[in-house]
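Here are my notes after a first pass through the model, as numbered points. Have a look at the structure, then read on.

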Amino acid sequence: MAERNRRTVRDLRRGNRARVLQRLYFDGPLSRQELGPATGLSSGSISNVVAELAAEGLLQEAGIVDSDGGRPRTLLKVAPDGGLLVGIDIGETRVRVELFDLSLTELARTERLLAQHGYDVERIVAHVRTGVADVLRDAGADPHRLLGIGIGVPGIIEREGPEGPDGKRTAVVHGQTIGWQAVPFEQLLREAVDVPPEVPLFIDNGAKTLGRAEMWFGGGRGAGAAAIALIGSGVGACVDHGDILAEDRTSLALEWGHTTIQLRGRRCRCGSIGCLEAYAGAEALRERWREAGGPLPEDADDETALAALLSAAYPPPGGPAPDQVALSLLDETAECLGAALADLVNLFLPERILLGGWAGLLLGPHLLPDIRRYANEYALRHAAARTTIEMGRLGPDAVTVGAATLPLADFLTRGGSRPAPGPRPDGTGAPPRTATETVRNRSRTTTG
C-alpha cells in the first residue's frame, strides 16, 4: 500500500510540473499569479513546482511587470538552454538534420542529398548517424543533454518491432512508394546512432510532423480542427483535432496522396492507378512536363523540373510569353488538388487547410487562388464556407521542427523529467527522473 501511495504522489507531482511547463511553454512568459488560474493549481503548489523547475535549470526569469497597486510581478518562461532536441526529415530529396534548443531555435543543421541513391535503408541510416554527429559537433553540444531525437518519414508507422530499452515495441515503417516493407527503422537507428542509450527516439509520418509544427507554431495555431497537406515529390496529409493542451486532442496521418481522383488514370508509383500523387506530386509533374515536350535535361531531379515548369508558365516581366502547355498542366494540377482538398473538407470539416511541403511552397503562390476555386466547386457548400485554405507559415524546415516537437512533447508531458538510463548493471535501483530526485537520492545514500 505504501508503494502504491508513493507512486500516486509521484504521478501527481509530475502532473503538476507538466501543467506548469506546458502552460509556460505555449502561453508564457507568465507570472506565478497568472499560473494559478491557468493551471488550476494552488499558489502553494505553484511556488513548489516553480522552485523545483528553476533549480533544475528549466525555468528562468523573463522580466518584471507592474501589478495593480501591488508589488511588481516576475515573469517566468521555459529556459531555452534547459535541453537539446534533434529533428530529422527523411524527405524525398534529402535527409535534413537539425539541432534545437528548448525554444526550438536552430543551433546547427546538415543535409544529405538522396537523388543518387534513393531510399536505400542502410545509406539513410548512415546519413542519420553522421548527421546527428555533425550537428552535435558543430554546436559543441554534449550528447547527454539530448532530450530525444524525432524523425519524420514517409509511409505508415506501426509499433511491431522488437522491444526497445523502455520495454516498448519499436517503430516499423511501411513505405510502399519508397520500397520499404516493414523496415525496423527504430531498431536500425538505435544500433547505429552514437548517442547515450537513454536518449529516446520518436518516429512518425512526415506529414504528421509537419502538421504538428503548423498547429503548435504556424498557421494552425488556435484552430479547433485543421488539415495540413504535404506536397513534395509525393503527397500526404494529416488532420488535427483539439487544442494543443487538450487531453482528447487527436492527430491522424492520412495517405491522402493515394486517394483516387481519376478512374483508370495514370499509374502511381505506389502501383495503383488514378492517385492524386500521380497528378500533383513533384515527381509526377516532372514526368508529365517531359511527356508534354517540356525542355528538361534527362537527369533533371524533381526540384529542378518543378522550377523549370513554373518558370515556363510564369516567366519574369519582359521575358518570353507564358508557355500554354505548362499553364494547362498546372491548371489541371490545381483542379486535382482542389478536388482532393474538397474531399478533406467533406470528410473532416476542418476550420483551416494549410499547404506545405517543398513543392507545395513553390506551387502555392501561383496556384492557391485556383485551388480554392476548385475546392469550392467540388466541396459541399456549407462545409466549404467554414473552411479557409492558406499556405503553411513555417517554410521548408517545418518537418524537422515538427519532428523535434515529438521529444519536446514527451518532455513536457513528463513534467521536465530527463531521459533516464535503464537499471544499473547490478540490476538494482530505480534511476532518478529529475535533478531534484537525484539530490534526494544522493542524500539518502549519504545518510543511510
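1. Let me start with a ring in the interior: F26 is buried, with a relative accessible area of 10%. Bear in mind throughout that this is a predicted model. Y25 also falls under the 20% cut-off for buried, because its relative accessibility is 15%.

2. Y25 and F26 make an aromatic pair of the edge-to-face kind, with 5.4 Å between the centres and 75° between the planes. They belong to one aromatic cluster together with W216 and F217. Across the model, the count of aromatic pairs comes to five.

3. Another of these contacts is worth a click: Y119 and W180 pair edge-to-face, 6.4 Å centre to centre, with the planes at 90°. Which parts of the chain does this pair link? Y119 sits in the loop between β6 (106–113) and α4 (121–138), while W180 is in strand β10, so the two are distant parts of the chain, 61 residues apart. Both Y119 and W180 are buried.

4. W180 leads us to the sheet, since β10 covers 180–183. Three strands make up this open sheet, in the order β8-β9-β10, with antiparallel pairing. β8 (156–163) and β10 are the edge strands; each has a single partner strand, so one side of each has no neighbour in the sheet. From one strand to the next, the twist averages 25°.

5. How many bridges join β8 to β9? There are five, and β9 takes in residues 169–175, running antiparallel to β8. If you want a spot to check by eye, E163 stands opposite R169 in β9. As a general reminder, strands of a sheet pair through backbone hydrogen bonds, parallel or antiparallel.

6. What lies across the sheet strands β8, β9 and β10? That is helix α5 (residues 185–192), which runs at about 120° to β9.

7. One charge-and-ring contact to add to your list: R373 places its charged end over the ring of Y374, 4.4 Å from the ring centre.

8. Finally, the chain as a whole. The secondary structure comes to 14 helices and 16 strands. Of the 448 residues, 49% count as buried. Among contacts with a separation of 6 or more, 58% are between residues 24 or more positions apart. The accessible surface is about 21100 Å², with 51% of that belonging to carbon and sulfur atoms.

Definitions and conventions: Residues are numbered from 1 along each chain as its sequence is written. This is a predicted model: local features need pLDDT of at least 70, side-chain atom pairs count only at pLDDT 80 or more; totals for chains, interfaces and linings use all residues. Side-chain values use heavy atoms; hydrogens and water are left out. Two strands pair if DSSP finds at least two bridges between them. Helices (H or I, at least four residues) and strands (E, at least two) are DSSP runs, numbered from the N terminus. Axes are lines fitted to C-alpha atoms, for helices over the stretch in contact, and angles run from 0 to 180 degrees between N-to-C directions. Contact means heavy atoms within 4.5 Å. Buried means under 20% relative accessible area, exposed over 50%, partly exposed in between (1.4 Å probe, protein chains only). Accessible areas come from the Shrake-Rupley method with a 1.4 Å probe; for residues, only the protein chains shown count as cover. Rings of Phe, Tyr and Trp (its six-membered ring) pair if their centres lie within 6.5 Å; planes under 30 degrees apart count as stacked, over 60 as edge-to-face and the rest as tilted. A charge sits over a ring if NZ of Lys or CZ of Arg is within 6 Å of the ring centre and within 35 degrees of the ring normal.
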